Amino acid sequence: MRNLLLLTVSALFSFVVQAATITAAQDPWAPFVQKDNANPGVSVEIITEAFKTQGHSVDFKIMPWTRALNEVKSGKVDVLVATWFTSERTAFLKYSEPYLENSLKFIKRKGDGFEYNGMDSLSGKTVGIIRNYGYGDEFLKATNFKKPEANDLVANAKKLMAKRIDLTLEDELVAKSTLSGAGMNVADFEFTANALSVNPLHVTSGLANPNNGQYIEAFNKGLAEIKANGTFDKILAKYGIQ
């Protein structure tokens, strides 16, 4: 009887873990994360559907990037929806398999002839960046140009138009969506042909979270399932992404 009771409790506990509500966070980052219940963003829909196949529901909240990163790092929130890889973050985040990728390009004022051709081409420039974003070790450690920080892309775009910085950078799809959504004229800006980097996009969970391995494993399995059953492609098509 005692063994039967233990098995029953164990089975119930297993069911509770499998049917967990996973908390998730990210800053607004259209079209991947959006303040729209009907169209919450590509990344939000992908993780929601992937976790659903594994019996999990997702409680997603929008918050500033630095706060979201810190909440996941400390284990207060279970997962970040969209994270680029940096070696520094592996000390506190567990990464999923990549599910999409971003091409990180430099943004300049229309008519500026600048083209990115390696770190040397940035010498003497002032490049506006977003605080705590993962631009890659080589870029962040470079000393031949200035890197003033801002809280978001819109702030950097305004500084760019005011000629307070020479360049900023973001995924082109994200930048166009964000700037137009903020009422700015996308035609006032141009993008370099060459990208700083092509960054795989991951779900991450803080190593401080005791369930980080379970969450990442569940997402990886769910991602494979929604790719196989066509859900993944339907989500991309909904947002006009090929």
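1. The fold of this predicted model comprises eight helices and nine strands. The C-alpha trace spans about 80 × 35 × 25 Å along its principal axes, and 45% of the 242 residues count as buried. Where contacts join residues at least 6 apart in sequence, 73% of them link residues at least 24 apart.

2. On confidence, the mean pLDDT of the protein is 91, with 92% of the residues reaching 70 or more. The N-terminal stretch should be read with this in mind, since pLDDT stays under 50 over residues 1–17, and the model gives that stretch two contacts beyond four places in sequence.

3. The largest pocket has a volume of about 470 Å³ and is lined by 24 residues, with Asp-27, Pro-28, Trp-29, Asp-152 and Thr-178 lying nearest its centre. Helix H3 (65–74), helix H5 (153–161) and helix H6 (172–181) each supply at least two residues of this lining, and H6 gives the most, with four residues. By class, the pocket lining has 13 nonpolar, six polar and five charged residues.

4. The model also holds one cavity of 30 Å³ or more, and the space in the largest cavity comes to about 90 Å³. Its lining consists of Gln-26, Asp-27, Trp-29, Trp-65, Ala-82, Thr-83, Trp-84, Arg-89, Tyr-133, Gly-134 and Leu-201, which divide into six nonpolar, three polar and two charged residues. Asp-27 and Trp-29 are thus named among the residues that line the cavity and also among those nearest the centre of the largest pocket.

5. Thr-83, one of the residues lining the largest cavity, belongs to strand S3 (residues 79–83). Thr-83 counts as buried because its relative accessible area is 0%, which falls under the 20% cut-off. The side chain of Thr-83 makes a polar contact of 2.8 Å with the side chain of Thr-204. Once neighbours within four places in sequence are set aside, the contacts of Thr-83 are with Trp-65, Arg-89, Leu-93, Tyr-95, Pro-200, Leu-201, His-202 and Thr-204; of these, Trp-65, Arg-89 and Leu-201 also appear in the cavity lining.

6. Phe-85 lies in the loop between S3 and strand S4 (93–95). With a relative accessible area of 47%, Phe-85 is classed as partly exposed, because that value lies between the 20% and 50% cut-offs. Not counting residues up to four places away in sequence, Phe-85 touches Thr-90, Tyr-95, Pro-200 and His-202; Tyr-95, Pro-200 and His-202 are also listed among the contacts of Thr-83. The C-alpha atoms of Phe-85 and Tyr-135 are separated by 8.8 Å, although the two residues are 50 apart along the chain.

7. Several backbone features deserve a check by eye. Most residues other than glycine have a negative phi, and most peptide bonds are trans. A cis peptide bond, with omega of about 0°, joins Ala-30 and Pro-31, and Pro-31 sits in the loop between strand S1 (21–26) and helix H2 (42–52).

8. Asn-132, which is not a glycine, has a positive phi of about 70° and is placed in the loop between strand S6 (127–130) and helix H4 (137–141). At 36% relative accessibility, Asn-132 counts as partly exposed. Lys-163, likewise not a glycine, has a positive phi of about 65°, and its place is in the loop between H5 and strand S8 (167–171). Lys-163 is exposed because its relative accessible area is 65%, which is over the 50% cut-off.

9. Towards the end of the chain, Gly-240 is found in the segment after helix H8 (231–238). Gly-240 counts as exposed, with 62% relative accessibility. The C-alpha atoms of Gly-240 and Ala-24 are separated by 24 Å, the two residues being 216 apart along the chain.

Methods:
Residues are numbered from 1 along each chain as its sequence is written. Side-chain values use heavy atoms; hydrogens and water are left out. Buried means under 20% relative accessible area, exposed over 50%, partly exposed in between (1.4 Å probe, protein chains only). A polar contact is a pair of N or O atoms within 3.5 Å; within protein, one must be able to donate a hydrogen and the other to accept it, and residues adjacent in sequence count only if both atoms are side-chain atoms. Contact means heavy atoms within 4.5 Å. pLDDT is the predictor's confidence in each residue, from 0 to 100. On a 1 Å grid over the protein atoms alone, a cavity is a set of points where a 1.4 Å probe fits but cannot get out, and a pocket is an open set with protein on both sides within 12 Å along at least five of seven lines; lining residues have an atom within 4 Å of a point. Grid points are joined across faces, edges and corners, and a volume is the space filled by probe spheres set on the points. Ala, Val, Leu, Ile, Met, Phe, Trp, Tyr, Cys and Pro count as nonpolar, Asp, Glu, Lys and Arg as charged, and the others, Gly among them, as polar.
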